[in-house]
Amino acid sequence: MDILSALGLFFGSLVANTLASLSGGGAGLLQFPLLIFLGLPFTIALATHKVASVALGLGAAIKHIRTGSLDWRLTSYVIAAGMLGVIVGANVILFVPSRIAEALLGGMILGLGIYSVCKQSLGQTAIPRHRNTAGLLLGGIGLAAIGLLNGSLTAGTGLFVTLFLVRWFGFDYKQAVALTLVSVGLFWNGIGAAAMYAAGAEIYWPWIPVLLLGSLCGGYLGAHWATQKSNTVIKRCFEVLTLLIGVKLLIGV
């Protein structure tokens, strides 16, 4: 890779992961298509993106740990609930055509954005709910289903987790974004990348250092801004990304 391509890859990764860290997901909106544009085949680009996205979670985790904004009990719960779904999804995607699945996911993500826009008070104030045994069990099933999508598709599933945490468990957007970035960005993506690699997916290692640097810096920068901004600003960023990602996946470009 020449210097201009390396710089383009770094800044593309930086922008994608900064937006994702601020909004609670969606790094694949820019980063995954960029890898394909630069010449990687679909499955190699997907596996490479999954590996690089781990640094997004790491960068965000560093910032959120420093500010003390993480509940590790709930973080562990989200990681465990989605883990099996991620592993299954990562194996399934290697053998299933993804176009129809991406279009369906795009429609669902578009629906998330529209729902959030219509619910003006959603996620502005934390109102804890469904945190008893029954609520955690049902929530775990929902997270496992999202984990299946996370393991098998390229972009947007972190946004699902963010809104799920807001709607089902009553987190505000700041809390949900922090929890999603560490659980999904660091652990789900790491597990998914390892599962894809074990299943035979090829990772393009020469690009990994540049992508990791962009993801790490973007994750930290977005998390920093998220701790400084209001829930309203974070909600608006979430809505913009869900609408953009939903349309992109629907039309397939």
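# Reading helix faces, ring pairs and a loop arginine

Author: The side chain of Thr-18 comes within 2.7 Å of the backbone oxygen of Leu-14. The model is predicted, and this contact is a starting point for reading it.

Reader: Which helix holds Thr-18, and is Thr-18 buried or exposed?

Author: Thr-18 belongs to helix H1, residues 3–23. Its relative accessible area is 9%, and the cut-off for buried is under 20%, so Thr-18 counts as buried.

Reader: Which residues does Thr-18 touch beyond its sequence neighbours?

Author: Leaving out residues up to four places away in sequence, Thr-18 touches Gly-218, Leu-221, Gly-222 and Trp-225. Two of these, Gly-218 and Gly-222, appear again in the list of buried residues of H9.

Reader: How does the length of H1 compare with the length expected at 1.5 Å a residue?

Author: H1 has 21 residues and reaches 30 Å from its first C-alpha to its last, close to the expected 30 Å. After H1 comes Gly-24, with a positive phi near 95 degrees.

Reader: What does the end-to-end distance of H9 say when set against 1.5 Å a residue?

Author: H9 covers residues 208–228, and its 21 residues should span 30 Å. The end C-alpha atoms are 30 Å apart, which agrees.

Reader: Which residues of H9 are buried, and where do they fall when seen down the helix axis?

Author: The buried residues of H9 are Ile-208, Leu-211, Gly-214, Ser-215, Gly-218, Gly-219, Gly-222, Ala-223 and Ala-226. Down the axis they fall within an arc of 150 degrees, so they line one face of the helix. The face turned away from that buried side carries the exposed residues Pro-209 and Gln-228.

Reader: Where is Gly-57, and what is it in contact with?

Author: Gly-57 sits in helix H3, residues 42–67, and is buried, with a relative accessible area of 0%. Apart from neighbours within four places in sequence, Gly-57 is in contact with Leu-181, Gly-185 and Leu-186. The C-alpha atoms of Gly-57 and Cys-217 are 11 Å apart, with their positions 160 residues apart along the chain.

Reader: How many residues of H7 are buried?

Author: In H7, 10 of the 13 residues are buried, so the helix is mostly covered. Among them are Thr-157, Gly-158, Phe-160 and Phe-169. H7 reaches 17 Å from its first C-alpha to its last, close to the 18 Å expected. Just after H7, Gly-170 takes a positive phi of about 80 degrees.

Reader: How should aromatic pairs be read, and how many does the whole structure hold?

Author: A pair of aromatic rings is described by the distance of the centres and the angle of the planes. A search of the whole structure finds seven such pairs. In one of them, Phe-164 and Trp-168, the ring centres are 6.4 Å apart and the planes are at 15 degrees, so the pair is stacked. These two are four residues apart in H7 (residues 157–169), about one helical turn. Trp-168 is partly exposed, at 23% relative accessibility. By contrast, Tyr-197 and Trp-205 have ring centres 6.3 Å apart and planes at 80 degrees, so this pair is edge-to-face. Tyr-197 is partly exposed at 48%, and Trp-205 is partly exposed at 46%.

Reader: Which residues form an aromatic cluster?

Author: One cluster consists of Tyr-77, Phe-164, Trp-168, Phe-169 and Phe-171. Arg-131 lies over the face of Phe-171, at 4.3 Å from the ring centre.

Reader: Where is Arg-131, and what does it touch?

Author: Arg-131 is in the loop between helix H5 (99–118) and helix H6 (133–152), and is partly exposed at 34% relative accessible area. Not counting residues up to four places away in sequence, Arg-131 touches Leu-74, Leu-136, Phe-169, Gly-170 and Phe-171. Its side chain reaches the backbone oxygen of Phe-169 at 2.8 Å. The C-alpha atoms of Arg-131 and Leu-74 are separated by 9.9 Å, and the two are 57 residues apart along the chain.

Reader: What is the phi of His-130?

Author: Most residues other than glycine have a negative phi. His-130 has a positive phi of about 55 degrees although it is not a glycine. His-130 is in the loop between H5 and H6 and counts as partly exposed, at 32% relative accessibility.

Key. Residues numbered from 1 in each chain as written. Predicted model: local features only at pLDDT ≥ 70, side-chain atom pairs only at ≥ 80, totals over all residues. Heavy atoms only, no water. Buried < 20%, exposed > 50% of the residue type's maximum accessible area, 1.4 Å probe, protein only. Contact = heavy atoms within 4.5 Å. Polar contact = N/O pair within 3.5 Å; in protein donor to acceptor, adjacent residues only side chain to side chain. Expected span 1.5 Å × (residues − 1). Arc of directions from axis to C-beta. Phe/Tyr/Trp six-rings, centres within 6.5 Å; stacked < 30°, edge-to-face > 60°. Lys NZ or Arg CZ within 6 Å of the ring centre and 35° of its normal.
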